[in-house]
Amino acid sequence: MHFDFAIVGAGYAGSVLAERLASQSGKKVLLIDKRPHIGGNAYDYYNEDGILIHLYGPHIFHTNSPDVFAYLSQFTEWRPYEHRVLASVDGKLLPIPINLDTVNKLYGYNFTSEELEEYFKTVGEQVDKIRTSEDVVVSQVGRDLYEKFFRGYTRKQWGLDPSELDKMVTSRIPTRTNRDDRYFTDQYQYMPLHGYTKMFEKMLDNPNIQLMLSTDFREVKETLSYDQLIYTGPVDEYFDHCFGKLPYRSLRFEHKTVDTEQYQPVAVVNYPNDNAYTRITEYKYLTGQEHPKTSITFEYPQAEGDPYYPIPKPENAELYQRYKQLADQQPNVHFVGRLGTYRYYNMDQVVAQALTLYKKLIGAESLEDVVGSKEKELAR
């Protein structure tokens, strides 16, 4: 059978493009994935105890984009959810991102917001040019808070000292002088009411979309017939690592069900200390599910395994640019998504990137034309 588009990867990027091409443009789409399921890393399922868990660690949806929210709202109802994270530091559980309560509880101070601002000015280190993740934090909050909250966590997460990592890693985490303990401050903070997998199922429920799971594209590509290819896998893999491998960090997840209704006071507790794991997630906070037991996941960063996080170092960015030049020369092949563009994107950013590529493919004027104004009204 001949397809208008073959799409490699059934995560956000691939699924959004498959849905739009099939439903809005009437294109015949073949969607291929190595894994036995759709949804990419956002895949969730009910474990043997009947608790909805995220197989690949916590996925929390948040966005400031009305377009992205309107688009996904066509495939799911939502549950309002504001994410909160605590860090285990000096035997206490303290809010992260660092805020007024973090500092007061850690040191036994009684600062006001204004006093905390002054305090940060006195402990913050002068850094002439902010280049690394260490520079970002020590310039904002000083050496002690950096050591306690960031250095150990970052070393475990990335296998590198923050002084070796691009500033973007810790720039993602704000520092606050008020008591706002939400991890994100985006306008739209929700979880799919029935889970991510249900949302993806609805997205891909179209006779124009044919799914091919548990399939390695490289093993079947010679047998396929299609006009254009959308590739969301690792860009270096597409080119058989001809310039060498792009470095990624991977993760190992240890899932456990505990015979208690609640295990920890918030969804995620970070461990920036000597534990081998970086964080523990308890899913019932995310899903709102009621159950006499609870499920938790320990997260262990590692060098080998599925590619999760592109490692942001200048030499890796240079290597990616070499692959990008090759990618740009491929006729009728489009690279998109976290792995296809070697960028650490949040879920909403991948959706926006995919909608933008669809807009380009069909020559639409704006994202609103791609999402549809009726759906946009729903999000308001």
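Guide: Accessible areas here come from the Shrake-Rupley method with a 1.4 Å probe. The model you see is predicted. By that method the chain exposes about 17,500 Å².

Visitor: What supplies 45% of that exposed area?

Guide: Carbon and sulfur atoms supply 45% of it.

Visitor: How many helices and strands does the chain have?

Guide: There are 16 helices and 17 strands.

Visitor: Why is the chain called as compact as a globular protein of that length?

Guide: Its radius of gyration is 22 Å, and the globule rule gives 21 Å for 380 residues; the two values are close, so the chain is as compact as a globular protein of that length. Its C-alpha atoms fill a box of roughly 70 × 50 × 40 Å along the principal axes. Of the 380 residues, 56% count as buried.

Visitor: Why is Tyr-231 called buried?

Guide: Buried means under 20% relative accessible area. Tyr-231 has 3% relative accessibility, so it counts as buried.

Visitor: Where in the chain is Tyr-231, and which residues does Tyr-231 touch?

Guide: Tyr-231 belongs to strand S11, which covers residues 225–231. Leaving out residues up to four places away in sequence, Tyr-231 touches several others, among them Val-8, Phe-217, His-334 and Gly-340. Contact here means heavy atoms within 4.5 Å.

Visitor: How far is the C-alpha atom of Tyr-231 from that of Val-269?

Guide: The two C-alpha atoms are separated by 35 Å, and the residues are 38 apart along the chain.

Visitor: What share of the chain's contacts with a separation of 6 or more comes from residues 24 or more positions apart?

Guide: Such residues account for 71% of those contacts.

Technical notes: Residues are numbered from 1 along each chain as its sequence is written. This is a predicted model: local features need pLDDT of at least 70, side-chain atom pairs count only at pLDDT 80 or more; totals for chains, interfaces and linings use all residues. Side-chain values use heavy atoms; hydrogens and water are left out. Helices (H or I, at least four residues) and strands (E, at least two) are DSSP runs, numbered from the N terminus. The radius of gyration is taken over C-alpha atoms; the globule rule is 2.2 Å times the number of residues to the power 0.38. Buried means under 20% relative accessible area, exposed over 50%, partly exposed in between (1.4 Å probe, protein chains only).
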